[in-house]
Structure formats: C-alpha cells, structure tokens
Amino acid sequence: MLGNKLITGENVHFDAITRDDLPLIGNWFSDTEILGFIRDIAVYPQSEQETEEWYEKIKDSKDAYHFLIRLNENNRAIGFVDLKHINFKSRWAIFGIMIGEKDCWDKGYGTEATRLMVRYGFWELNLNRIELSVVAFNERAFHSYQKLGFQQEVVKRQALYRNGEYHDTIIMGLLRDEWEANGGGEF
Ligand SMILES: CC(C)(COP(=O)(O)OP(=O)(O)OC[C@H]1O[C@@H](n2cnc3c(N)ncnc32)[C@H](O)[C@@H]1OP(=O)(O)O)[C@@H](O)C(=O)NCCC(=O)NCCS
C-alpha cells in the first residue's frame, strides 16, 4: 500500500488510517483509562457511529495529518498520531498521540512515534513550531515529550476536572531550530 513504511523508525512505522481500522480504534476510544489522559471533555465510551464520524472528519481534513502507528516486527496497529490545526502562515501545529494497545505502553514506541512525527512536521510539512497539551498527572507522556526536547511553556491551573478533582494542564512547545541544534533529525 502506498504510504506504508514511508515514515519508518527502528520499531514503528506510520500507515494510513482506513475504514478497516475503525473497530480497533473504536476499542481505544471506548477505553476510559486511555480517554482520561486525552479528553478535555467528560469521558464516555464512544459509539461506532461516532468513530465513523471521526474518521470522515479526519479523512477530509485540510489542516491535519493523522497516521496509524504499526509495529515493524509484525505490522500490528498499536495507536495513532496526529498533527492538527496546522497554521500555514505562522507554521505551527498541535501534536497528539494515542498508543491504544496498553500492553505496548512503556516500551519506547510512543517516544519513537513522537520523534518520527516531529521530524515529519519539521522536515516534510516545514513547520517551525510544534505544540501539545498534556494533563499534569500524565507523567509518562510528560517525560517522553521532555526527552525529545519539548519545553514546558504554560501551566493552565486547574484546567481539567476529572475523577472528582481539578488538575493542571501543561502546554509544551518545540521549535525547529532548537530541535535541529540538538540533532533531532538524526536517529
Ligand atoms: C503517553 C504515551 C504516548 C507514551 O508512549 P509509551 O510508548 O507508553 O512511552 P515510552 O515507553 O515511549 O516512554 C515513556 C517514558 O516515561 C517513563 N515513565 C513511565 N511512567 C512514568 C511515570 N509515572 N513518571 C515518570 N516517567 C514515567 C518511562 O520510563 C519512559 O521513559 P524512559 O524511556 O526514559 O525510561 C502512551 O503511553 C499513550 O498513548 N498513553 C495513553 C494516551 C496518552 O496519554 N496520550 C498522550 C496525551 S498528551
């Protein structure tokens, strides 16, 4: 398939998201533990129709790139990654990632996929800045982003209400020149 292995790291590569992947992605969107890390609205299991609507929206999007993350060793789909809300004038975008297969957490795949997407953003889409938002209790994600050079820029105090408590959310940013200066593209 065109695009398969186009963006490849040591352990993972990116693929197009197709309608065939929707049942799997629907499972990820129905996992309230996963959603608890990414949603800033109330967490609820998503219906098949909503997953279908999400797919139609991303398929036709003109200001975003979404990829399925697959393992190189067996082609298993484990999550997805995206750059959204691309600002073509000021050349920034918002990064997002979900490793939906939880047995694949903490194996380095998320960090590798983020690194690949950052390279794609800077060297293929010609972005100058990549931004993301992470809830403060998501220490795994925060650590992974920091390792790749994202800097904490803003703390939005008590911006997320979850599980009976307010939590801070953190805006992180990475600039192309600092990424290049740190040898970001070399891996
Ligand atoms: C966040 C996510 C993308 C990270 O990917 P991953 O493959 O699980 O993580 P990695 O193995 O690449 O890296 C995690 C790092 O955090 C560290 N870590 C794990 N739990 C930690 C914790 N509680 N505190 C601090 N560091 C932690 C790991 O040791 C590892 O660092 P190391 O490589 O220096 O040892 C993935 O877990 C995921 O998609 N989670 C659910 C959805 C989500 O949170 N999305 C991001 C929203 S901003």
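Modeller: Before we start on this predicted model, one term: a helix here is a DSSP run of H or I with at least four residues, numbered from the N terminus.

Colleague: Fine. What makes α5 a helix?

Modeller: α5 covers residues 139-147, so that run meets the minimum of at least four residues.

Colleague: And which element gives the most to the shell around the ligand?

Modeller: That's α5, with six residues. α2 (32-38), β5 (92-99) and α4 (109-123) each supply at least two as well.

Colleague: How do you know that a residue is near the ligand?

Modeller: Its C-beta atom, placed from the backbone, has to lie within 6 Å. There are 22 residues around the ligand, and F37, I99, G110, T111 and E139 come nearest.

Colleague: What makes up the shell by class?

Modeller: Ten nonpolar, seven polar and five charged residues. G110 is one of those that come nearest, and Gly counts as polar here.

Colleague: Now the strands. Why are β3 and β4 called paired?

Modeller: Pairing takes at least two bridges, and six join β3 (residues 65-71) to β4 (residues 77-87), so they qualify as a pair, running antiparallel. One example is L68, whose bridge partner in β4 is F80. The two strands form a hairpin with five residues between them, where N75 in the turn has a positive phi of about 70 degrees.

Colleague: What makes β4 and β5 a pair?

Modeller: The same cut-off of at least two bridges: they have seven, in the antiparallel sense, so they count as paired. K84 has I94 in β5 as its bridge partner. Their hairpin has four residues between the strands, and R91 takes a positive phi near 65 degrees.

Technical notes: Residues numbered from 1 in each chain as written. Predicted model: local features only at pLDDT ≥ 70, side-chain atom pairs only at ≥ 80, totals over all residues.
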